[in-house]
Amino acid sequence: MTGSYWHPFADMAAVVAMGELVLERGDGCSVWDVDGKRYLDATASLWYCNVGWGRAEIGDAVAAQMATLPTYSNFGDIVLPVTLELAERVAGLAPVPGSKVFLTSGGSDSIDTATKMARRYWQLLDEPDRTILIRREKAYHGMHTAGTSLAGIPANAAGHGALIQDVIEVPWDDPDALRAAIDDIGPERVAAFFCEPVIGAGGVFPPPEGYLEAARAVCRDTGALFVADEVITGFGRCGDWFASTRFDLEPDIVTCAKGITSGYLPLGAVLAAPRVAEPFWAEGAGMWRHGYTYSGHAAVAAAALVNIDILEREELPMRAKAMEGSLLDALKQLTDHDLVEGVRGGVGLLAAVQLREDLVEADPAVGARVGAATREAGVLVRPLVGGALAVSPPLTIDDSEIHEAVDGIRAGLDAVA
Ligand SMILES: Cc1ncc(COP(=O)(O)O)c(C=O)c1O
């Protein structure tokens with residue numbers, strides 16, 4: 001190896017000192033490193049491999065598209081059939097019927113697109129003062145400049161100077177505080193409220209009972225667009241095709257990525273409800289000067305279509321719902337461990353083991369150390385801010401693999417205790 005690769009979200013000095021984990025193969029919920037060691041993938045990589053590894057049929061479809069015409073720019077009026085098919089398929093699953101589908105290259109692109117779509121929507125409606133974007137504490141919306149500006153995890157925004165202006169933060173769990181913030185600043189100035197139905201990278205926080213519905217109602221009352229960031233929760237992870245469907249949110253805009261291809265190729269999408277899309281599509285609206293070179297990439301669309309086929313055929317969103325209790329109950333066994341404060345989860349296959357607050361305060365790296373020891377024990381989990389270990393396996397996981405994950409985490413905890 002040459003030592004040239006600069007890892008994302010990494011302390012490169014530590015990576016150089018400790019070495020890299022170099023993976024080469026995957027099957028189901030397992031991955032293997034170049035030395036042949038097997039790991040249980042308890043996080044579906046970065047919350048995305050919903051169908052599990054080793055799905056050759058996705059590769060076959062991509063190869064066929066590659067051999068025909070890999071893609072072509074979709075700017076203006078050009079498109080390939082597979083992209084049109086994907087848009088129809090995704091629109092058919094969208095939480096709001098009649099939604100239009102804007103394709104991107106990933107979650108951060110989708111968030112960037114959603115912020116611009118929201119602000120431009122209000123311009124088209126002749127309400128140009130509606131520019132303010134609202135984020136929640138603990139929020140993660142990707143790392144483009146828009147997403148960084150919407151970061152409710154302070155460390156993720158720090159150190160880059162001024163980002164997007166006109167962003168305010170509200171508590172993550174209080175719809176009354178959202179209403180008060182909008183009233184305070186003036187509803188006529190608010191463009192959109194960004195909301196992860198289940199907070200992910202901020203520590204895995206399922207919504208308090210009634211929170212999402214109440215926050216949705218606040219947006220309805222004040223006119224603010226409700227943007228459901230379903231980059232993690234979409235395409236099955238939350239026990240339905242979208243968390244917005246599960247919680248009956250009828251969002252104005254949905255951002256997605258990850259599970260749309262299960263990460264076999266990079267793709268994101270923004271689903272605009274008819275209310276939002278109409279002024280853009282209206283005669284005389286003119287060109288929206290926004291889009292990406294790889295928007296609508298045909299080989300990626302081919303991967304997404306087969307991935308959605310698998311999710312549908314194997315009823316994986318329903319499976320995630322059926323398994324959510326087993327995952328939570330199994331992880332709760334770890335609450336008897338001295339290092340563990342509690343376990344969060346229960347909305348789909350998305351959970352976190354929370355380490356004790358006093359330990360995290362005394363040593364903020366304790367979560368990373370437990371994560372590393374758990375990996376040593378053959379299970380991949382993801383340490384998050386605040387000493388939480390994320391567990392978000394492929395939706396194909398079975399009971400014995402869930403128990404393997406719990407055993408691995410326990411071994412990791414024991415090693416650090
Ligand atoms: C809720 C949420 N939004 C946006 C993003 C950004 O997605 P990407 O990393 O694909 O750009 C993520 C990534 O984890 C996410 O969890």
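In the predicted model, Asn-50 is buried, with a relative accessible area of 0%. This residue lies in the loop between α2 (44-47) and α3 (56-68). A polar atom of the Asn-50 side chain is placed 2.9 Å from the backbone oxygen of Phe-235. The value of 0% falls under the 20% limit for a buried residue, so Asn-50 is classed as buried although its position is in a loop.

The ligand is surrounded by Gly-106, Gly-107, Ser-108, Tyr-140, His-141, Gly-142, Glu-196, Asp-229, Val-231, Ile-232 and Lys-258. Sorted by class, this shell consists of 3 nonpolar, 5 polar and 3 charged residues. Several side chains of the shell approach polar atoms of the ligand. Ser-108 places a polar side-chain atom 2.6 Å from an oxygen atom of the ligand. For Lys-258, a polar side-chain atom lies 2.9 Å from an oxygen atom of the ligand. Asp-229 is paired with a nitrogen atom of the ligand instead, the distance to an N or O atom of its side chain being 2.7 Å. On its own the ligand has 390 Å² of accessible area, and the protein covers 84% of this area.

Salt bridges were searched for across the whole structure, and 17 were found. Side chains of opposite charge can pair when their charged atoms come close. One of these pairs is formed by Glu-404 and Arg-38, whose closest N and O atoms are 2.8 Å apart. Glu-404 belongs to helix α16 (residues 399-416) and Arg-38 to strand β3 (residues 38-41), so this salt bridge ties together parts that are 366 residues apart in sequence. Both partners fall into the partly exposed class: the relative accessibility is 26% for Glu-404 and 32% for Arg-38.

A further salt bridge joins the side chains of Arg-89 and Asp-309, with an N to O distance of 2.6 Å. Here, too, distant parts of the chain are linked, since Arg-89 is in helix α4 (residues 81-93) and Asp-309 in helix α12, 220 residues apart. Arg-89 is partly exposed at 22% relative accessibility. Asp-309 is likewise partly exposed, with a relative accessible area of 32%.

Helix α12, which carries Asp-309, spans residues 298-313 and has 16 residues. From its first C-alpha to its last, α12 reaches 22 Å, close to the 22 Å expected at 1.5 Å a residue. Of the 16 residues of α12, 13 are buried, so the helix is largely enclosed by the rest of the structure. Asp-309, as a partly exposed residue, is not among the buried residues of this helix. After α12 comes Glu-315, whose phi is positive, near 50°.

Arg-356 and Asp-338 also form a salt bridge, with the closest N and O atoms 3.4 Å apart. Both residues are in loops: Arg-356 lies between β12 (348-355) and α14 (357-362), and Asp-338 between α13 (316-332) and β11 (340-346), so the pair ties together parts that are 18 residues apart in sequence. The two partners differ in exposure class, as Arg-356 is partly exposed at a relative accessible area of 23%, whereas Asp-338 counts as exposed at 57%. In addition, salt bridges that share partners join Arg-55, Glu-57, Arg-313 and Glu-314 into one network.

Two further helical positions were examined. Val-16 is found in helix α1 (residues 12-18) and is exposed, with a relative accessible area of 67%. Between Val-16 and Ala-87 the separation is 71 residues in sequence and 43 Å in space, C-alpha to C-alpha. Ala-217 is placed in helix α9 (residues 211-222) and counts as partly exposed at 29% relative accessibility. The C-alpha atoms of Ala-217 and Pro-175 are 9.0 Å apart, with the two positions 42 residues apart in sequence numbering.

How values were computed
Residues numbered from 1 in each chain as written. Predicted model: local features only at pLDDT ≥ 70, side-chain atom pairs only at ≥ 80, totals over all residues. Heavy atoms only, no water. Helix = DSSP H or I, 4+ residues; strand = E, 2+ residues; numbered from the N terminus. Buried < 20%, exposed > 50% of the residue type's maximum accessible area, 1.4 Å probe, protein only. Expected span 1.5 Å × (residues − 1). Near = heavy atom within 4 Å. Polar contact = N/O pair within 3.5 Å; in protein donor to acceptor, adjacent residues only side chain to side chain. Areas by Shrake-Rupley, 256 points an atom, 1.4 Å probe, with all protein chains shown as cover. Nonpolar A, V, L, I, M, F, W, Y, C, P; charged D, E, K, R; others polar. Salt bridge = Lys/Arg side-chain N within 4 Å of Asp/Glu carboxyl O.
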